Amino acid sequence: MDYEQDYIMRLIKDMARMIARLLLGKDSPAYELPEEEEKDSGADAAYRELARLIDEGRINEAENRLCDYLDQGSGSREELAAALGFYDHLSGCSEDFLEEHDYSREEIYDGLRELAARFGVTGLDIRM
């Protein structure tokens, strides 16, 4: 991995942790699912679907569904947690996987920045 990609990955991790801490009071952006799917909330079900689409390589479709989910939602902490978990899951994908499915780390960073702004946090813009 080259220096630039390593730098972008650090920015993504730091931004995700900052959003989790500021808006959710958590130390990690990872989404915690109940063990039993029958106990899923609406946010749990949305996250499961988004993570499945990512794992299938349907990243752009997943991001479009995330935007629809947030647009139709109430702006709740649960929706934020699912969205932040989406970008955290996506950031764990390899560079090759992202490239193979026409996605980039820069798009993850931009998505996190837009998510933060949607929930009222601005000024997190660090230019690469």
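In this predicted model, Asp110 and Arg113 are joined by a salt bridge whose closest N and O atoms lie 2.9 Å apart. Both residues belong to helix α6, which covers residues 105-118, and because they are three residues apart in that helix, about one helical turn separates them. Asp110 is partly exposed, with a relative accessible area of 27%, and Arg113 is likewise partly exposed, at 21%. Elsewhere, salt bridges that share partners link Glu49, Arg52, Glu56, Arg58, Glu61 and Arg65 into one network. The structure as a whole holds 13 salt bridges. As a general point, side chains of opposite charge can pair when their charged atoms come close.

Two pairs from that network can be described in the manner of the pair in α6. The side chains of Arg52 and Glu49 meet in a salt bridge, and since these residues stand three apart in helix α2, they are separated by about one helical turn. Arg65 forms a salt bridge with Glu61, and here the two residues are four apart in helix α3, which again places about one helical turn between them. The table sets out the N to O distances of these three salt bridges, together with the relative accessible areas of the residues that form them.

| Salt bridge | N to O distance | Relative accessible areas |
|---|---|---|
| Arg52 and Glu49 | 2.6 Å | Arg52 34%, Glu49 25% |
| Arg65 and Glu61 | 2.8 Å | Arg65 36%, Glu61 29% |
| Asp110 and Arg113 | 2.9 Å | Asp110 27%, Arg113 21% |

The helices that carry these pairs also pack against one another. Helix α2, residues 42-55, and helix α3, residues 59-72, pack at an angle of about 160°, and their axes are 8 Å apart. With an angle over 145 degrees counting as roughly antiparallel, α2 and α3 are therefore roughly antiparallel to each other. The crossing in which α2 passes α3 is left-handed. On the side of α2 the contact is made by Gly42, Ala43, Ala46, Glu49, Leu50, Leu53 and Ile54, while α3 contributes Ile59, Glu61, Ala62, Arg65, Leu66 and Tyr69. Sorted by class, the residues of this contact comprise nine nonpolar, one polar and three charged. Glu49, Glu61 and Arg65 thus appear both in the contact of α2 with α3 and in the salt-bridge network.

Helix α3 also packs with α6, at an angle of about 0° and with the axes 13 Å apart. Such an angle falls under the 35 degrees that counts as roughly parallel, and α3 and α6 are therefore roughly parallel to each other. From α3 the contact draws on Glu63, Cys67, Leu70 and Asp71, and from α6 on Gly111, Leu115 and Arg118. Three of the contact residues are nonpolar, one is polar and three are charged.

A further residue to consider is Glu78, which sits in helix α4, residues 77-91. Glu78 is partly exposed, with a relative accessible area of 48%. When residues up to four places away in sequence are not counted, Glu78 touches Tyr31 and Ala43, and Ala43 is one of the α2 residues in the contact with α3. Leu53, another α2 residue of that contact, stands 25 residues from Glu78 along the chain, and the C-alpha atoms of Leu53 and Glu78 are separated by 20 Å.

Methods. Residues are numbered from 1 along each chain as its sequence is written. This is a predicted model: local features need pLDDT of at least 70, side-chain atom pairs count only at pLDDT 80 or more; totals for chains, interfaces and linings use all residues. Side-chain values use heavy atoms; hydrogens and water are left out. Axes are lines fitted to C-alpha atoms, for helices over the stretch in contact, and angles run from 0 to 180 degrees between N-to-C directions. Angles under 35 degrees count as roughly parallel, over 145 as roughly antiparallel, 65 to 115 as roughly perpendicular and the rest as oblique. A crossing is left-handed if the near helix is turned anticlockwise from the far one by less than a right angle, and right-handed if clockwise. Contact means heavy atoms within 4.5 Å. Ala, Val, Leu, Ile, Met, Phe, Trp, Tyr, Cys and Pro count as nonpolar, Asp, Glu, Lys and Arg as charged, and the others, Gly among them, as polar. A salt bridge is a side-chain nitrogen of Lys or Arg within 4 Å of a carboxyl oxygen of Asp or Glu. Buried means under 20% relative accessible area, exposed over 50%, partly exposed in between (1.4 Å probe, protein chains only).
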